[in-house]
Amino acid sequence: QEQLVESGGGLVQAGGSLRLSCVVSGRTFINQGMGWFRQAPGKEREFVASVTWIGGRTYYSDSVKGRFTISRDNAKNTVYLQMTNLKPEDTAVYYCAAGTGGIARVEYVYWGQGTQVTVSS
């Protein structure tokens, strides 16, 4: 049984930064793409960023491109999401997921429980 545990969320002022972490346990981290999604109250869960296993290719939604950076540390079975220049509209629960590393929710099989990010104006 694969487990994904996110951490690093919190309350930050607009313009600030946060780094989210997601530790994967229960099975090998190798050969898995990793993604970050977010869900704001009353909205659908949306893609934020992802990184593939092969080639380490990264993808970003237009709303976070240039502000967020996804990375992975295979030795630590951990994927990170560095978020800078945060905006109030970034407020959401952020979820880590393991799958292909693509941009669609259906490409991910395993999900974490989420970590809350709140950006005040």
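This report describes the nonpolar core, a four-stranded sheet and the salt bridges of a predicted model.

## The nonpolar core

The largest nonpolar core has 25 residues, and within it M34, W36, L81, M83 and Y94 are the ones that touch the most other members. At least two residues of this core come from each of the strands β3 (18–25), β4 (33–39), β5 (46–51), β7 (68–73), β8 (78–83), β9 (92–99) and β11 (115–120). In soluble globular proteins, nonpolar side chains tend to be buried together.

M83 illustrates the contacts of a core residue: leaving aside residues up to four places away in sequence, M83 touches G16, S17, L18, L20, R67, F68, Y94 and V117. One of these contacts, Y94, is itself among the residues with the most partners in the core.

## The open antiparallel sheet

Four strands, in the order β1-β3-β8-β7, make up an open sheet whose pairing is antiparallel. The edges of the sheet are taken by β1 (3–7) and β7, and because each has a single partner strand, one side of each is left without a neighbour in the sheet. On average, and with direction ignored, neighbouring strands of this sheet are turned by 15 degrees against each other. Strands of a sheet pair through backbone hydrogen bonds, either parallel or antiparallel.

Taking the pairs in sheet order, β1 and β3 run antiparallel and are joined by five bridges, with L4 having V24 of β3 as its bridge partner. Between β3 and β8, also antiparallel, there are six bridges, and here V23 is matched with T78 in β8. The pairing of β7 with β8 is likewise antiparallel and extends over six bridges, with I70 standing opposite L81 in β8. The hairpin of β7 and β8 has four residues between the strands, and in this hairpin N77 takes a positive phi near 50 degrees.

## Two faces of the edge strands

Side chains alternate along both edge strands. In β1, L4 and E6 point to one face and are buried, whereas Q3, V5 and S7 point to the other face and are not buried. In β7, the buried face carries F68, I70 and R72, while T69, S71 and D73 point to the other face and are not buried. The buried side chains of these strands therefore include the charged residues E6 and R72, as well as nonpolar ones such as L4 and I70.

## Salt bridges

The structure holds four salt bridges, and R38, E46, R67 and D90 are linked in a network of such pairs. Side chains of opposite charge can pair when their charged atoms come close. Within the network, E46 forms a salt bridge with R38, with the closest N and O atoms 2.6 Å apart. Of these two partners, E46 is partly exposed at a relative accessible area of 37%, whereas R38 is buried at 5%.

R38 also forms a salt bridge with D90, the closest N and O atoms here being 2.9 Å apart. This pair links distant parts of the chain, since D90 lies in the loop between β8 and β9 and R38 in strand β4, 52 residues apart. D90 has a relative accessibility of 1% and therefore counts as buried. A further salt bridge is formed by K65 with D62, whose closest N and O atoms are 3.4 Å apart, and both K65 and D62 are exposed.

Notes
Residues are numbered from 1 along each chain as its sequence is written. This is a predicted model: local features need pLDDT of at least 70, side-chain atom pairs count only at pLDDT 80 or more; totals for chains, interfaces and linings use all residues. Side-chain values use heavy atoms; hydrogens and water are left out. A nonpolar core is a set of buried Ala, Val, Leu, Ile, Met, Phe, Trp, Tyr and Cys residues joined through side-chain atoms within 4.5 Å. Buried means under 20% relative accessible area, exposed over 50%, partly exposed in between (1.4 Å probe, protein chains only). Contact means heavy atoms within 4.5 Å. Two strands pair if DSSP finds at least two bridges between them. Axes are lines fitted to C-alpha atoms, for helices over the stretch in contact, and angles run from 0 to 180 degrees between N-to-C directions. A salt bridge is a side-chain nitrogen of Lys or Arg within 4 Å of a carboxyl oxygen of Asp or Glu.
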